[in-house]
Every structure is written in C-alpha cells, then in structure tokens.
Amino acid sequence: MKKVSLLLLLWVACASFGMAQKKQSLFNKKDLSGWKIYGTEKWYVEKGLLICESGPDKEYGYLATEKTFKDFELTLQFLQEADGNSGVFFHSSIEGTKISGWQAEVAPPGHSTGGIYESYGRGWLIKPAEEKDKALNMGEWNTMKIKVVGNKVTTWLNGVEMITLDDEKIGSRSGSIALQIHSGGGIKVKWRKINIVEL
C-alpha cells in the first residue's frame with residue numbers, strides 16, 4: 001500500500017510539474033483577447049500578426065497582458081518597419097502611459113536590443129556588448145527569448161545570449177508582460193509567436 005501511495009504522489013508531482021512547464025500562447029492571431037491597451041497609439045491584428053504603430057499623438061503606448069507573471073521563459077518574434085524603437089516589459093504595472101517595470105529593449109541597430117532598462121527608475125541596468133548588435137536582423141523577423149527566474153534575467157536574440165543580470169529589485173515582484181511603442185512617431189513593429197512558459 002505504501003508503495004502504491006508513493007507512486008501516486010510521484011505521479012501527481014510530475015503532473016503538476018508538467019502543468020507548470022506548459023507553454024501558453026499569449027496571442028491568438030485573431031484579436032487582442034487577454035491584453036489591454038494603454039495610451040492612444042495603434043494596436044491591431046492583421047493577417048495573423050500583432051501590429052503596433054504610432055498614432056497621431058506620437059506618444060508612448062503599451063499593450064499589456066491582463067495576467068501577471070513572475071518566473072517565466074518568454075519567446076516571441078518581431079519585425080521592425082521604419083523606426084522599430086519598442087520593447088518587451090516584464091514585472092510591469094501601468095497607470096495611464098506611465099509604466100513601472102523592466103524592459104528588454106527592441107530597437108534599430110546600434111541601440112542595445114536585448115539590454116535591460118528600468119523605466120521611471122534607474123534607467124539602463126545593462127547593455128549588450130557592442131559586437132552582439134550584429135545578431136539583430138533589421139527589417140527581418142527576429143526571435144527574442146527572455147528568461148526570468150528569481151533575481152536573474154537572461155535575454156537572447158536569434159540564439160545569441162545578449163545579457164545576464166542579477167538584480168534583487170526585479171526578483172521582488174511580479175507583473176504584466178507589456179509591449180511598447182516609443183514616443184516620437186514613425187514607429188511600426190510586427191509581432192508573432194508570443195509564447196510563455198511559467199517556471
């Protein structure tokens with residue numbers, strides 16, 4: 001009987017672990033279900049792609065998940081058209097268009113894509129080494145992976161590890177995943193294959 005109980009407990013533990021490790025799609029290719037728009041900039045779905053585009057106000061804009069996350073591995077693909085200054089926020093909270101949290105930078109060449117920036121806080125926490133900028137394919141689809149476990153954040157761009165950061169402040173909270181449109185106008189970025197695994 002003890003052996004059966006032990007096997008049952010082991011099965012339940014494995015099943016729970018498997019559920020915790022299951023990949024979730026954050027974008028259904030049809031609409032913005034599960035997301036909330038902040039600001040007046042444009043967020044829409046076209047031909048199965050999520051698109052962000054500057055509006056007439058040319059201000060900051062965000063599209064944030066309704067669900068919050070703490071430890072996770074997020075993968076997504078982006079294609080920058082025109083000025084691609086954007087970003088992927090995590091552990092974030094938003095009031096109006098003021099965001100609190102950390103951003104994995106998405107930007108044109110020479111502007112630290114994959115680095116981590118703290119908005120309304122300490123600013124740049126870490127930038128990738130200059131030679132890693134060649135991992136970015138401007139005007140083509142790029143794959144970014146962001147892994148957050150406790151205090152540790154690691155980003156990859158097209159398979160190249162861009163940064164690893166250990167920061168207690170990051171590990172102290174959870175929050176939404178949010179995509180950004182930078183202020184200034186003229187920005188258009190396409191997104192697809194937005195998947196997350198909670199760790």
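**Close-up views of strand pairs, a pocket and a salt-bridge network**

**View 1. Strand 6 and its two partners.** Ala82 stands opposite Ile187, a residue of strand 15. Please keep in mind as you look around that this is a predicted model. The pairing of strand 6 with strand 15 (residues 187-198) is antiparallel and covers 10 bridges. Strand 6 (residues 72-82) also runs antiparallel to strand 11 (residues 142-149), and 7 bridges join these two. To find your way along that second pairing, start from Gln77, whose bridge partner in strand 11 is Thr143.

**View 2. The hairpin of strand 9 and strand 10.** Here strand 9 and strand 10 run antiparallel, joined by 3 bridges. Which residue of strand 10 is the bridge partner of Tyr117? It is Trp124. The hairpin has 3 residues between its strands, and Tyr120 takes a positive phi near 50 degrees there.

**View 3. The surroundings of Trp124.** Trp124 belongs to strand 10 (residues 123-126). Is Trp124 buried or partly exposed? Its relative accessible area is 32%, so Trp124 counts as partly exposed. Beyond the neighbours within four places in sequence, Trp124 touches Glu105, His111, Ser112, Gly115, Ile116 and Tyr117. Another tryptophan to look for is Trp102: its C-alpha atom lies 9.5 Å from that of Trp124, with the two residues 22 apart along the chain.

**View 4. Ser112 in its loop.** Ser112 sits in the loop between strand 8 and strand 9. With a relative accessible area of 16%, Ser112 is buried, because the cut-off for that class is under 20%. Setting aside neighbours within four places in sequence, Ser112 has contacts with Glu105, Trp124, Lys127 and Pro128. Glu105 is also one of the contacts of Trp124.

**View 5. The largest pocket.** This pocket has a volume of about 200 Å³. Among the residues that line the pocket are Tyr60, Tyr62, Asn85, Gln180 and His182. Trp124 takes part in the lining too, as do Glu105, Tyr117 and Tyr120. Which strands each supply at least two residues of the lining? They are strand 8 (98-106) and strand 9 (116-119). By residue class, the lining holds 5 nonpolar, 5 polar and 1 charged.

**View 6. Salt bridges around Glu118.** Side chains of opposite charge can pair when their charged atoms come close. The model has 6 salt bridges in its count, and this view follows some of them. Arg122 and Glu118 form one, with their closest N and O atoms 2.6 Å apart. Arg122 is partly exposed at 42% relative accessible area, whereas Glu118 is buried at 3%. Glu118 also meets Lys169 in a salt bridge, 3.2 Å from N to O. Because Lys169 lies in helix 2 (residues 168-171) and Glu118 in strand 9, this pair ties together parts that are 51 residues apart in sequence. Lys169 has a relative accessible area of 42% and is partly exposed.

**View 7. Asp167 and the network.** Asp167 forms a salt bridge with Arg122, and the closest N and O atoms are 2.9 Å apart. Asp167 comes from the loop between strand 13 (160-166) and helix 2, and Arg122 from the loop between strand 9 and strand 10, so the pair ties together parts that are 45 residues apart in sequence. Asp167 is buried, at 10% relative accessibility. Put the pairs together and you have a network of salt bridges that links Glu118, Arg122, Asp167 and Lys169.

How values were computed
Residues are numbered from 1 along each chain as its sequence is written. This is a predicted model: local features need pLDDT of at least 70, side-chain atom pairs count only at pLDDT 80 or more; totals for chains, interfaces and linings use all residues. Side-chain values use heavy atoms; hydrogens and water are left out. Helices (H or I, at least four residues) and strands (E, at least two) are DSSP runs, numbered from the N terminus. Buried means under 20% relative accessible area, exposed over 50%, partly exposed in between (1.4 Å probe, protein chains only). Contact means heavy atoms within 4.5 Å. On a 1 Å grid over the protein atoms alone, a cavity is a set of points where a 1.4 Å probe fits but cannot get out, and a pocket is an open set with protein on both sides within 12 Å along at least five of seven lines; lining residues have an atom within 4 Å of a point. Grid points are joined across faces, edges and corners, and a volume is the space filled by probe spheres set on the points. Ala, Val, Leu, Ile, Met, Phe, Trp, Tyr, Cys and Pro count as nonpolar, Asp, Glu, Lys and Arg as charged, and the others, Gly among them, as polar. Two strands pair if DSSP finds at least two bridges between them. A salt bridge is a side-chain nitrogen of Lys or Arg within 4 Å of a carboxyl oxygen of Asp or Glu.
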